[in-house]
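Please load the model in your viewer and keep the selection panel at hand. The stops below go from one selection to the next.

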Amino acid sequence: MRRTAVPAAVAVLACAALAACGADYAGNGSSKARAGVTDVQERVTSVDWGACDLQGMFQGRELDAAQAAWAEALECGAIKVPVDYEDPGGLQVRLAMVRHPATAADKTGSLLVNPGGPGGSGVELAAQPFLPDAVTAAFDVVGFDPRGVGASANLTCGSEDAFDAAVTDVYTDDPSAITDAQAEALKTGAQDFSGECAQEEDPVFLDNIGTMNVARDLEVMRAALGDDQLTYLGYSYGTYIGQMYLYLYPHKVRAMVLDGVMRTSGSVLDVAEGQATGFETAWRDFAAYCLTVDGCPLSSVDAADTELTAILTQAQERVGGGLTVADMLDMIAQSLYSEAKWPALEKVLAGVAAGTLEQFVQDLQDLAGDEGSSRPLRLPPIPLPRRDSDADFYGVQCADRDNPGHFGAYRNSAEAAFGNSALFGAGISWSYLPCATWPADEPNPSKVDGRGAATAVLVGNTGDPATPYAWAEQVASDLDDAVLVTYEGSGHTAYALGHECVDAPVTAYLIGLTVPEQGLRCPQELG
């Protein structure tokens, strides 16, 4: 499909003034990019806020009383920034923003939020109430769509249909045993998708969609909002944005919460193998829970992988309609992002095992979606991409990291990930194959120490499927000044989900800069 969003959103900028920034990435045109950010800040002095199109924003979705009251107070705005900060007068991209004004008269400032991805919409996140009342009283809650996402020149190049079909075909297979024809389908599907993006997309935009430039955009937004320092809450991939900001502008940080911490080191294949372990851990945590419930179709944690495959194979045979075991495993993987979905998942699997399939497909789809979620976190396509186009995801992930360019590396990774998780592992590694031939590549620094920044607060779940707890531990160790709050449970991210042990100290930190105690561990709460 041909993309039109960027040409429509890219225009020459004639805006006005802001402040200076700190050090820039030496490997990415440091002096030019630093000067470019300063130049933009001198032209973009504010955000022009106005009424939001609530009908378009919520697409007719019915809101409850709290959501409706929140929506009525929203203000929408945008700023324009250079696609390439080394060419501040060149092509521009419009960054969409939304703000919910602080409910207290004496506000602290702005809290910028990002839900993850890459590809998650901060506008969608901030358009609903999800934070504690004390936070929304103290801060204007500001969400933004990063460049290439949503209303900020959404990247939608290429077609993944052939690639998705190829990954689905080998999803549960041992990667060492796939046929030459299957390998060729994987390679061709991935190459065609990345090749179409190279042909359809403005190469300047593709070259500059990565997270380092998102961090620069964040610095422009901070100053345009009138805040002397940044207060930031990032979930999942949003923690990667936060780490790049810490790298570039450590002295501009007032407070930073990173929940569901992404690793910055390694290639996408290192990420995939870690995520395979994470999903297997989360699945086994669910299995242990299931065994405490009457009617659980599993006999033991160790047998859970084999028994789930048998249950889903039975469902595939009886439901038909083209639904594959890979499709169902993908939906189950998505449901593992939230502990709140465990009771419903147990009932769905028990029903299938008992032969009750009337609502199975719809129930599983509901679990894979936002049903039971407290936040609309748009997360990585793990294990399989299931959106119209995941170009926004690949455009960032593939460019941000130094990735192998040959098929053998991805096959080796799929084998390693399969060893970590026979259910989910291989599919995760295969899903990153477009990075082998992606047309843009400008890796970021692989380690951030944030020296000179205020204390950062990290939140990690011991059973997080998508951002394994080991990543939070590593980043906490790498940062010069950081505290790690541990939630001893599963699911992806923990802050603002009603866990008082997590919420209270993180909220106190955001508002009053009271740093949580080092080593704080919070027990699992399942409702």
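Which residue just after α21 takes a positive phi? Select Leu513 in this predicted model: its phi is about 65°, and its place is just after α21.

**The helix before Leu513**

Now extend the selection back to α21 itself, residues 500-512, which packs on the sheet and touches β4 (109-114), β5 (139-144), β6 (230-235), β7 (253-259), β8, β9 and β10. The direction of α21 makes about 160° with that of β7. If you place a distance label between the end C-alpha atoms of α21, it should read 17 Å, which agrees with the 18 Å that 13 residues should span at 1.5 Å a residue. Colouring α21 by accessibility picks out its buried residues, namely Val502, Asp503, Pro505, Val506, Thr507, Tyr509 and Leu510.

**The sheet**

Show the strands next, and follow the open sheet of ten strands in the order β1-β2-β3-β5-β4-β6-β7-β8-β9-β10, where the pairing is mixed. At the edges stand β1 (50-51) and β10 (521-523), each with a single partner strand, so one side of each is left without a neighbour in the sheet. Within the sheet, select β2 (residues 75-82) together with β3 (residues 92-100): the two run antiparallel and are joined by eight bridges, and Pro82 stands opposite Gln92 in β3. Then add helix α20 (residues 469-478), which lies across β8 (456-463), β9 (482-490) and β10 and runs at about 155° to β8.

**A pair of helices**

Hide the sheet and select α12 (residues 268-290) with α18 (residues 407-420), whose axes come within 8 Å and cross at roughly 15°. An angle under 35 degrees counts as roughly parallel, and α12 and α18 are therefore roughly parallel to each other; their crossing is right-handed. To see the contact, show side chains for Val268, Leu269, Glu273, Ala276, Thr277 and Glu280 of α12, and for Ala409, Tyr410, Ser413, Ala416, Ala417 and Asn420 of α18.

**A loop residue**

The last selection is Leu336, in the loop between α14 (325-335) and α15 (342-353). Is Leu336 buried or exposed? At 0% relative accessibility, Leu336 counts as buried. Leaving aside neighbours within four places in sequence, Leu336 is in contact with Phe279, Ala282, Trp283, Phe286, Trp342, Leu345, Phe424, Pro465 and Gly491. For a sense of scale, draw a line from the C-alpha atom of Leu336 to that of Tyr85, 251 residues apart along the chain, and the separation is 39 Å.

Methods. Residues are numbered from 1 along each chain as its sequence is written. This is a predicted model: local features need pLDDT of at least 70, side-chain atom pairs count only at pLDDT 80 or more; totals for chains, interfaces and linings use all residues. Side-chain values use heavy atoms; hydrogens and water are left out. Two strands pair if DSSP finds at least two bridges between them. Helices (H or I, at least four residues) and strands (E, at least two) are DSSP runs, numbered from the N terminus. Contact means heavy atoms within 4.5 Å. Axes are lines fitted to C-alpha atoms, for helices over the stretch in contact, and angles run from 0 to 180 degrees between N-to-C directions. Buried means under 20% relative accessible area, exposed over 50%, partly exposed in between (1.4 Å probe, protein chains only). The expected span of a helix is 1.5 Å times one less than its number of residues. Angles under 35 degrees count as roughly parallel, over 145 as roughly antiparallel, 65 to 115 as roughly perpendicular and the rest as oblique. A crossing is left-handed if the near helix is turned anticlockwise from the far one by less than a right angle, and right-handed if clockwise.
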